[in-house]
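Have the structure open and ready to turn while you read this. We'll go through it topic by topic, starting with the empty space inside.

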Amino acid sequence: MPRLSARDLMTTEVVTVPPATPVLSIARLLAERGISAVPVLDGSGKLLGIVTEADLIRRLAGEADHPTSWLGSLFANAERDAARYARTHGATAADLMSTELASVEPSTPAAEVAHMMEERNIRRVLVVQEGRLLGLVSRADLLRALVAPKQEPLELSDDRIRSAVLAAIRKQPWADTFYTLVDVKDGVVELNGFSRSPEVQRALRVLAENVPGVKGVEDRSTPMPAYLYAAG
């Protein structure tokens, strides 16, 4: 992914609502604008929370809640159940909104934003600075970053590139430099020696491709002989 930050990726024209917005108005807003969430801001512009499609669906599902049985009440958590009741029966954005926000600062690298989305299985990340909403990064924004024009490779010497590749390999627990020989000619990395597995060799190629200055990678390695596996 290009070396971009959340500031470079974010959409700044974000639809927001005040905390007193009725649930029906939020549902209509999402449908009309074709969006899946709206941040909630107070009168001073401070970010309070966010209402998503999931919150609205939870609100609808709450109407079908059944009274807790006597046995179930023995294991109930009053605070948790009260919070759920408010979010599933509330009438405004303040009642429904999630306050545990997935947010980043504008300088956060795009790769970290993508990692957060994948780890939390979420569709969007809010870009916030000093409590103020600056924008929003969605999955679509990340995809646009992937296809953005890449910068021209740096003109570095072959020795510097080779040193950088070897240093990157040493940082990875799945890789080693004992059986992998690295050479660089005119900015093109050549991988020679023995390969432990197709997965490791594919990862080595990707690693080398991401080192600044590398113009290409040629994998000339061969599968590791059985006697070397036994020796290891």
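Let's begin with the residues around the largest cavity: Trp174, Ala175, Asp176, Thr180, Phe194, Arg196, Val200 and Leu204 line it. Keep in mind that this is a predicted model. The protein chain has 232 residues, and 36% of them are buried. Along the way you'll meet some of its 11 helices and 9 strands.

**The cavity**

- The space in the largest cavity comes to about 40 Å³.
- Sorted by class, its lining has 5 nonpolar residues, 1 polar residue and 2 charged ones.
- How many cavities of 30 Å³ or more are there? The count comes to 1.
- As for how such spaces are found, rolling a probe the size of a water molecule over the atoms shows where empty space is left.

**The second largest pocket**

- This pocket holds about 380 Å³ of space.
- It is lined by 21 residues, and the ones closest to its centre are Ile50, Thr52, Ser98, Ile122 and Arg124.
- Three elements each give two or more residues to the lining: strand E2 (47-52), helix H3 (53-62) and strand E4 (124-129).
- Which element gives the most to this lining? That's H3, with 5 residues.
- By class, the pocket lining is made up of 8 nonpolar, 4 polar and 9 charged residues.

**Strands E1 and E2**

- E2 turns up in the pocket lining, and it also has a partner strand: E1 (residues 37-41) pairs with E2 in the antiparallel sense, over 5 bridges.
- If you want one bridge to look for, proline 39 has isoleucine 50 in E2 as its bridge partner. You've already met that isoleucine, as Ile50 is among the residues closest to the centre of the second largest pocket.
- The two strands form a hairpin with 5 residues between them, and glycine 45 in this hairpin takes a positive phi near 90 degrees.
- Why is E2 described as largely enclosed by the rest of the structure? Because 5 of its 6 residues are buried.

**The sheet of E3, E4 and E5**

- E4, another strand from the pocket lining, belongs to an open sheet of 3 strands, in the order E3-E4-E5 and with mixed pairing.
- Strand E3 (103-104) and strand E5 (132-138) are at the edges; each has a single partner strand, so one side of each has no neighbour in the sheet.
- E4 and E5 pair in the antiparallel sense, over 6 bridges.
- To find this pairing on screen, look for glutamine 129, which stands opposite arginine 132 in E5.
- While you're looking at strands, here's a handy rule: in a regular strand the side chains alternate between the two faces of the sheet.

**Three residues to click on**

- Glutamine 201 sits in helix H10 (residues 198-209). Is this residue buried or exposed? Its relative accessibility is 5%, under the 20% cut-off, so glutamine 201 counts as buried.
- The side chain of glutamine 201 makes a polar contact of 3.3 Å with the side chain of serine 195. Setting aside neighbours within four places in sequence, glutamine 201 is in contact with Leu191, Ser195, Asp219 and Ser221.
- Arginine 3 lies in the segment before helix H1 (6-9). With 72% relative accessibility, over the 50% cut-off, arginine 3 counts as exposed.
- Arginine 3 and alanine 111 are 108 residues apart along the chain, yet their C-alpha atoms are separated by 8.1 Å. Apart from neighbours within four places in sequence, arginine 3 is in contact with Asn210 and Pro212.
- Alanine 91 is in the loop between helix H5 (78-89) and helix H6 (93-96). Its relative accessibility is 46%, so alanine 91 counts as partly exposed.
- Valine 23 is 68 residues from alanine 91 in sequence, but 5.5 Å away in space, C-alpha to C-alpha. Again leaving out neighbours within four places in sequence, alanine 91 is in contact with Thr21, Pro22 and Val23.

**Contacts across the chain**

- Now for the chain as a whole: take the contacts between residues at least 6 apart in sequence, and 60% of them join residues at least 24 apart.

Technical notes
Residues are numbered from 1 along each chain as its sequence is written. This is a predicted model: local features need pLDDT of at least 70, side-chain atom pairs count only at pLDDT 80 or more; totals for chains, interfaces and linings use all residues. Side-chain values use heavy atoms; hydrogens and water are left out. On a 1 Å grid over the protein atoms alone, a cavity is a set of points where a 1.4 Å probe fits but cannot get out, and a pocket is an open set with protein on both sides within 12 Å along at least five of seven lines; lining residues have an atom within 4 Å of a point. Grid points are joined across faces, edges and corners, and a volume is the space filled by probe spheres set on the points. Helices (H or I, at least four residues) and strands (E, at least two) are DSSP runs, numbered from the N terminus. Ala, Val, Leu, Ile, Met, Phe, Trp, Tyr, Cys and Pro count as nonpolar, Asp, Glu, Lys and Arg as charged, and the others, Gly among them, as polar. Buried means under 20% relative accessible area, exposed over 50%, partly exposed in between (1.4 Å probe, protein chains only). Two strands pair if DSSP finds at least two bridges between them. A polar contact is a pair of N or O atoms within 3.5 Å; within protein, one must be able to donate a hydrogen and the other to accept it, and residues adjacent in sequence count only if both atoms are side-chain atoms. Contact means heavy atoms within 4.5 Å.
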